[in-house]
Amino acid sequence: MARKRWFFGVLSVALLLVLVALGTALRSTASASPSFQAETATVSTTATEPITSTSTISSTATATETPTASLTPTSTAMPTTTTTPTTPTVTPGPGEQPFWSFAAKFVCGNQPADQAGQPIAGEPAVKPGNYATEINIHNPHYLGPIHIRQKALLLVDRGAPVGRAPAMAQPAAFSPLFALPDDGATLVDCNAIWELRNPGTPPPSPMPLTIGYLVIVSPANLDVVGVTTATTSTSNLEPAGIAVETVAVEGRRVLIPPTAFPDGVLPRDTEFTNE
């Protein structure tokens, strides 16, 4: 019995020594293994790197700020400046009412076959013959009398082509105002045109060739019709034929300043129509 106790005591002491030896061996290996410590250190540092990646967060914040900088140059005010020049048209002021203007062609007088027995060089303005034009003017309105003016522009005067290009017809003065009543009418013939250009001088007979425009200005639209007749004559002055031309003259709207009229007088504002 004593032997068994002694045997187990020795065995336990031996086991205890083995355990102590193993413990010391493990401590020495743990302290002598720097590679393991380095591995654990790198693991801890790699864990801190994604946390300290605040630089990526700040860069995204600045990226969101840059679009606002591109939006700040709001040049939408530029189109408004381009729309401002489209101002409405200026309406005529006092004394600048739009008139109706009619330019009626006329041919008056005699064109001989020669001049003082000598043939005419080239071609005359019209073929030899006798010409007459009368211009009819009618007021179709029932708004009270309409005051109109007229003047004659000459391209051929006393048989001479004074308006042959590059020469120009010289401006003429307007006649004084005269009234056309409601549904009233008048005519201007070759004698009246001669009087416009040669006041106080009776027209000669035969009248020398006279060609040009009768210009009529009115505050309202009118009916204007020109009628021209022409004849050729034989040696005994008997007409050999006659030609008739009728032309309706269309008017156009024009602005005429008061300074264009010798007396500066304008028709009443109520006479101007917006046709």
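Buried residues make up 24% of the 275 residues in this protein. The model is predicted. Its average pLDDT is 77, and 68% of the residues score at least 70. One stretch falls well short of that score: over residues 32-92 the pLDDT is below 50. Beyond near neighbours in sequence, this stretch has four contacts in the model. Read the drawn path of residues 32-92 with that low pLDDT in mind.

Now take the protein as a whole. There are five helices and 11 strands. How much of the contact between residues at least 6 apart in sequence joins residues at least 24 apart? The share is 76%. The outside can be described too. The accessible surface comes to about 18,400 Å². Carbon and sulfur atoms account for 65% of that surface.

Next, go inside. The largest nonpolar core has 23 residues. Six of them touch the most other members: F102, I137, I148, I216, L222 and V224. Which elements build this core by supplying at least two residues each? They are the strands β1 (98-111), β4 (129-138), β5 (146-156) and β8 (210-218), together with the helix α5 (190-197). Strand β1 gives the largest share, with five residues.

I216 is a good place to look at the core up close. Residues up to four places away in sequence are left out of its list of contacts. What remains is W100, S101, F102, I135, I137, I148, R149, Q150, L222 and V224. Five of these names are already familiar: F102, I137, I148, L222 and V224 are, like I216 itself, among the residues that touch the most other core members.

From the core, move to a covalent link. The protein has one disulfide. It joins C108 and C190, whose sulfur atoms are 2.0 Å apart. Where do the two cysteines sit? C108 is in strand β1 and C190 is in helix α5. They are 82 residues apart, so the pair links distant parts of the chain. Both cysteines are buried. Why is the disulfide called left-handed? The torsion about its S-S bond is about -85 degrees, so the disulfide of C108 and C190 is left-handed.

Strand β4 brings us to two more residues. The first topic is T133, which is found in this strand. Is T133 buried or exposed? Its relative accessible area is 3%, so T133 is buried. A polar atom of the T133 side chain lies 2.9 Å from the backbone nitrogen of V107. Leaving out residues up to four places away in sequence, T133 touches K105, F106, V107, C108, V188, D189, C190, V227 and T228. Both disulfide cysteines, C108 and C190, are in that list.

Y131 is also found in strand β4. Its relative accessibility is 14%, and residues under 20% count as buried, so Y131 counts as buried. A polar atom of the Y131 side chain lies 2.7 Å from the backbone oxygen of K127. Setting aside neighbours within four places in sequence, Y131 is in contact with V107, C108, G109, Q111, V126, L209, T229 and A230. The chain also brings I211 into view here. Y131 and I211 are 80 residues apart along the chain, while their C-alpha atoms are separated by 9.7 Å.

Finally, follow the backbone through some loops. A cis peptide bond joins A165 and P166, with omega about 10 degrees. P166 is found in the loop between β5 and β6 (178-180). Another cis peptide bond joins S205 and P206, and here omega is about 0 degrees. P206 lies in the loop between α5 and β8.

Two other loop residues have a positive phi without being glycine. For R158, phi is near 55 degrees, a positive value in a residue other than glycine. R158 is found in the loop between β5 and β6. Its relative accessibility is 48%, so R158 counts as partly exposed. For D183, phi is near 60 degrees, again a positive value in a residue other than glycine. D183 is found in the loop between β6 and β7 (185-188). At 42% relative accessibility, D183 counts as partly exposed.

Terms used: Residues are numbered from 1 along each chain as its sequence is written. Side-chain values use heavy atoms; hydrogens and water are left out. pLDDT is the predictor's confidence in each residue, from 0 to 100. Contact means heavy atoms within 4.5 Å. Helices (H or I, at least four residues) and strands (E, at least two) are DSSP runs, numbered from the N terminus. Buried means under 20% relative accessible area, exposed over 50%, partly exposed in between (1.4 Å probe, protein chains only). Accessible areas come from the Shrake-Rupley method with a 1.4 Å probe; for residues, only the protein chains shown count as cover. A nonpolar core is a set of buried Ala, Val, Leu, Ile, Met, Phe, Trp, Tyr and Cys residues joined through side-chain atoms within 4.5 Å. A disulfide is a pair of cysteine sulfur atoms within 2.5 Å. A polar contact is a pair of N or O atoms within 3.5 Å; within protein, one must be able to donate a hydrogen and the other to accept it, and residues adjacent in sequence count only if both atoms are side-chain atoms.
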